[in-house]
Amino acid sequence: MRVLVVGAGIGGLGAAIALTQHGYDVDVVEVKPEFSVYGVGINQPANSLRALRSLGVLDRCLAVGYQFDQCDFYGADGEHLVNIPYGFSGEDVPCNNALSRLDLHRILLERAEDVGIKVRYHTSVADLADRGDEVEVELTDGRHETYDLVVAFDGIKSWTRRKIFGDQFDPVHSGFGVLRITLPRPAEVTGMRVYQALGVKLGFCPLSEESMYMFVVTPQPSNVVHDPATLGDLLRSQLEPFGDLPGRVRDSISGPAGIVYSPISDVMLPLPWFSGRVGVLGDAAHACAPHLTQGAGMALEDGVVLAEMLAETLTGGGPIEQILRQFGERRFPRAKLVQDVSHQILANEMAINADNYAASVEAMRTHLPDQSRAVDRLLDAPA
Ligand SMILES: Cc1cc2nc3c(=O)[nH]c(=O)nc-3n(C[C@H](O)[C@H](O)[C@H](O)COP(=O)(O)OP(=O)(O)OC[C@H]3O[C@@H](n4cnc5c(N)ncnc54)[C@H](O)[C@@H]3O)c2cc1C
């Protein structure tokens with residue numbers, strides 16, 4: 001069976017490795033001219049680590065990352081509000097492993113090469129036609145190929161989603177955006193730390209013994225384009241309300257180097273995610289706010305589960321259309337849960353104001369540990 005994977009991001013590389021491990025003949029096309037990834041961090045919770053384990057890269061990810069099992073919330077001046085132990089079992093894999101995105105991509109890419117996958121950069125799909133039992137694909141490098149299946153992990157602005165399902169599922173901006181930067185790790189940052197000010201949420205996440213990444217969420221217009229040269233000033237001004245550790249970190253930032261801005265937007269493609277033999281997965285189908293640090297995990301799980309279901313059912317002779325439908329029915333509720341909870345956390349945090357601050361903190365202390373544990377336990381179940 002020949003499969004085309006569109007996009008060599010985390011989801012596309014994961015799917016390509018999983019499909020190859022099950023014996024499929026996989027091509028990967030990537031529109032970027034060469035390997036390039038933002039130098040910021042990414043957290044991988046236990047369910048994502050299980051997907052990475054099935055791709056054969058868990059040990060390498062753990063070796064370069066930082067494992068932790070606690071999240072602490074603080075007020076703007078460093079007063080401790082609530083401790084949240086993660087609810088993953090942590091028996092077979094750590095609760096969390098955060099690492100540099102560059103490292104995660106390099107590890108996936110090296111594993112892809114080890115199993116014989118070659119990523120064709122500077123290449124995308126110019127056109128495709130589903131003929132029922134195969135898909136004819138015209139690539140932008142002029143080649144014409146025929147595949148049994150096309151799976152697109154081409155990200156939140158997915159060309160394939162628009163081509164197959166139209167523009168009604170384009171990303172919906174949340175009204176918020178996030179600045180991120182990798183910085184030296186202060187000794188006390190040994191787990192996720194979230195600091196809440198009015199209209200600004202700041203987080204520190206350890207990435208290694210030496211480094212951590214910082215993220216700062218604020219209200220932002222949907223189409224804002226920040227001049228990269230101004231990002232240092234913007235970040236420092238957003239951090240103005242903070243004292244204590246965040247204040248010291250703010251004062252150590254001198255310029256815009258390494259700061260990345262991203263809007264926070266949702267995509268929720270309703271089922272079916274496949275039209276015939278062409279499917280749209282990962283962020284292209286279910287991009288979400290980053291508040292559960294689950295986006296990449298959902299994309300990785302998509303690839304791993306798809307490969308497993310195809311392998312199990314095709315060896316039993318099942319029709320491919322039925323497998324693809326069952327795949328969507330299995331994955332949709334999990335991706336929707338992640339999206340809804342992430343969006344709700346974002347909305348709740350950004351709704352904190354001077355009038356409701358005390359009540360919000362009280363509600364956090366009363367409800368957040370149990371709520372967080374309940375969501376983690378759902379995600380601890382098989383993907
Ligand atoms: C601020 C922020 C913080 C986040 N933090 C975390 C976190 O801590 N943990 C976590 O798990 N997730 C996190 N995420 C989410 C995570 O980054 C995404 O869910 C994940 O990258 C999705 O993977 P993907 O492969 O589906 O898409 P992408 O990573 O977007 O990859 C898509 C790939 O397709 C390529 N492409 C696009 N169009 C085409 C085309 N037409 N042809 C060929 N190639 C194409 C792109 O160049 C890209 O390489 C965060 C997201 C944001 C915005």
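## A tour that starts at the ligand

Select helix α9 to begin: with four residues, α9 gives the most to the shell around the ligand. Before you go on, please keep in mind that you are looking at a predicted model.

**Stop 1: around the ligand.** Now show the residues that surround the ligand. There are 33 of them, and those that come nearest are Gly11, Glu30, Asn43, Asp283 and Ala296. If you colour this shell by class, you will find 13 nonpolar, 14 polar and six charged residues.

Next, zoom in on some backbone atoms. At Gly11, a backbone N or O atom lies 2.8 Å from an oxygen atom of the ligand. Move to Val31, where a polar backbone atom is 3.1 Å from a nitrogen atom of the ligand. Then pick Gly295, which has a polar backbone atom 3.3 Å from an oxygen atom of the ligand. How much of the ligand does the protein bury? On its own the ligand exposes 1000 Å², and the protein buries 85% of that. To see which elements take part, select α1 (10-21), β3 (41-45), β13 and α9 (295-315): these are the elements that give two or more residues to the shell.

**Stop 2: the seven-stranded sheet.** From the ligand shell, follow β13 into its sheet. Here seven strands form an open sheet with mixed pairing, and you can trace them in the order β6-β5-β14-β15-β16-β13-β17. Which strands stand at the edges? They are β6 (80-85) and β17 (260-266); each has a single partner strand, so one side of each is left without a neighbour in the sheet. Turn the view and compare neighbouring strands: on average they are turned by 20° against each other, direction ignored.

For a closer look at one pair, select residues 192-197 and 200-206. These are β14 and β15, which run antiparallel and are joined by five bridges. Within this pair, Tyr195 stands opposite Leu202 of β15.

Now add the helices. Select residues 231-238 to bring up helix α6, which packs on the sheet and touches β13 (172-184), β15, β16 (211-219) and β17. The direction of α6 makes about 100° with that of β13. Then select residues 357-380 for helix α11, which lies across β5 (70-75), β6 and β14. Relative to β6, helix α11 runs at about 10°.

**Stop 3: the three-stranded sheet.** Move on to β9, β10 and β11, which form an open sheet in that order with antiparallel pairing. β9 (125-130) and β11 (144-147) are at the edges, each with a single partner strand, so one side of each is left without a neighbour in the sheet. Neighbouring strands in this sheet are turned by 20° against each other on average, direction ignored. Select residues 135-139 to highlight β10, which pairs with β9 over five bridges in the antiparallel sense. One pair to click on is Leu128 and its bridge partner in β10, Val137.

**Stop 4: two loop details.** Pick His122, in the loop between β8 (119-120) and β9. Its phi is near 60°, a positive value in a residue other than glycine.

Finally, go to the loop between β17 and β18 (274-275), where you will find Pro272. What kind of peptide bond joins Leu271 and Pro272? It is a cis peptide bond, with omega at about 5°.

Notes:
Residues numbered from 1 in each chain as written. Predicted model: local features only at pLDDT ≥ 70, side-chain atom pairs only at ≥ 80, totals over all residues. Heavy atoms only, no water. Pairing = 2+ DSSP bridges. Axes fitted to C-alpha atoms, helices over the stretch in contact; angles between N-to-C directions. Contact = heavy atoms within 4.5 Å. Near = heavy atom within 4 Å. Polar contact = N/O pair within 3.5 Å; in protein donor to acceptor, adjacent residues only side chain to side chain. Areas by Shrake-Rupley, 256 points an atom, 1.4 Å probe, with all protein chains shown as cover. Nonpolar A, V, L, I, M, F, W, Y, C, P; charged D, E, K, R; others polar.
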